[in-house]
Amino acid sequence: MTTGEYNQIVEQYANRLYRYILKNIRYEDRAHDLVQDSFEKLWRNFRDISFEKAKSYLFSIAHNTMIDMIRHEKRMVVADTSEMPEVSHSRQYTDLKEILDASLQKLPEIQRSVILLRDYEGYSYEEIGKICDLNESQVKVYIYRARVFLKNYIGQMEKVV
């Protein structure tokens, strides 16, 4: 691929690649970073890639880079309960499942995973640790933080019922 063809690839696919990544991760700044990283990797290898295969190569790079970022962030997510907003519902609800589902979606991914494994599936702390590649004390901390958040989010039971 020539430099001119590389520039043509950038013009043709930058917006499409950005939309693809943004739809998956929903964070604009991270999506911009991933697009830039993908084009940088394409630039480093532009002499080895044919113009006809550049689009699929670019999207493969972007997808793999996005998956790597998501995996990295899953391991790094730690919610500090002191920074969590005190949120409660002021409206009257009759569907508890709807409230629980909405509140679970607000949790960080690792907290949602451990709380679902513990409270919905009934796994022990040790089993959850093996599944999520965490030690038992980390599992307990994530479950505690998730429960505190859920309690604050849902509020008092009188508001829910």
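**Exercise 1. Two helices that cross**

Task: Work out how α5 and α6 meet in this predicted model, starting from the handedness of their crossing.

Solution.
- Step 1. The crossing of α5 and α6 is right-handed.
- Step 2. Find the geometry. The two axes come within 10 Å and cross at roughly 140°. Here α6 covers residues 125-132.
- Step 3. Name the arrangement. Angles over 145 degrees count as roughly antiparallel, and 65 to 115 as roughly perpendicular. The crossing angle is roughly 140°. α5 and α6 are therefore oblique to each other.
- Step 4. List the residues. From α5 come Ile110, Val114, Leu117 and Arg118. From α6 come Tyr125, Ile128, Ile131 and Cys132.
- Step 5. Sort them by class. The contact of α5 with α6 holds seven nonpolar residues, no polar ones and one charged.

**Exercise 2. The other partner of α5**

Task: Describe how α4 packs against α5, from axes to residues.

Solution.
- Step 1. Locate the helices. α4 spans residues 96-106, and α5 spans residues 109-120.
- Step 2. Read the geometry. Their axes come within 9 Å and cross at roughly 140°. That makes α4 oblique to α5.
- Step 3. Find the contacts. α4 supplies Leu100, Leu104 and Gln105. They meet Arg112, Ile115, Leu116 and Tyr120 of α5.
- Step 4. Sort by class. Five residues in the contact of α4 with α5 are nonpolar, one is polar and one is charged.

**Exercise 3. A serine in α4**

Task: Decide whether Ser103 is buried or exposed, and find which residues Ser103 touches.

Solution.
- Step 1. Place the residue. Ser103 lies in helix α4.
- Step 2. Check the accessibility. The relative accessible area of Ser103 is 0%. Buried means under 20%, so Ser103 is buried.
- Step 3. Look for neighbours. Leave out residues up to four places away in sequence; Ser103 then touches Phe149, Leu150, Tyr153 and Ile154.

**Exercise 4. Aromatic rings**

Task: Classify the ring pair of Trp43 and Phe46, then put the pair in its setting.

Solution.
- Step 1. Choose the quantities. A pair of aromatic rings is described by the distance of the centres and the angle of the planes.
- Step 2. Count the pairs. There are four aromatic pairs.
- Step 3. Classify this one. The ring centres of Trp43 and Phe46 are 4.4 Å apart, and the planes lie at 10°, so the pair is stacked.
- Step 4. Compare burial. Trp43 is partly exposed at 38% relative accessible area. Phe46 is buried at 7%.
- Step 5. Widen the view. Ring pairs link Trp43 and Phe46 with Tyr6 into a cluster.

**Exercise 5. Far in sequence**

Task: For Val10 and Glu73, give the helix, the exposure and the distance to a residue elsewhere in the chain.

Solution.
- Step 1. Take Val10. Helix α1, residues 3-25, holds Val10. At 28% relative accessible area, Val10 is partly exposed.
- Step 2. Find the partner. Lys55 is 45 residues away along the chain, with 9.7 Å between the C-alpha atoms of Val10 and Lys55.
- Step 3. Take Glu73. Helix α3, residues 54-76, holds Glu73. Glu73 is partly exposed at 24% relative accessibility.
- Step 4. Find the partner. Glu109 is 36 residues from Glu73 in sequence, and their C-alpha atoms are 9.3 Å apart.

**Exercise 6. The whole chain**

Task: How many helices and strands does the protein chain have, and what share of residues is buried?

Solution.
- Step 1. Count elements. The protein chain has eight helices and zero strands.
- Step 2. Find the share. Of the 161 residues, 30% are buried.
- Step 3. Turn to contacts. Among contacts with a separation of 6 or more, 66% join residues 24 or more positions apart.

Conventions: Residues numbered from 1 in each chain as written. Predicted model: local features only at pLDDT ≥ 70, side-chain atom pairs only at ≥ 80, totals over all residues. Heavy atoms only, no water. Axes fitted to C-alpha atoms, helices over the stretch in contact; angles between N-to-C directions. Helix = DSSP H or I, 4+ residues; strand = E, 2+ residues; numbered from the N terminus. Parallel < 35°, antiparallel > 145°, perpendicular 65-115°, else oblique. Contact = heavy atoms within 4.5 Å. Nonpolar A, V, L, I, M, F, W, Y, C, P; charged D, E, K, R; others polar. Left-handed = near helix turned anticlockwise from the far one by under 90°. Buried < 20%, exposed > 50% of the residue type's maximum accessible area, 1.4 Å probe, protein only. Phe/Tyr/Trp six-rings, centres within 6.5 Å; stacked < 30°, edge-to-face > 60°.
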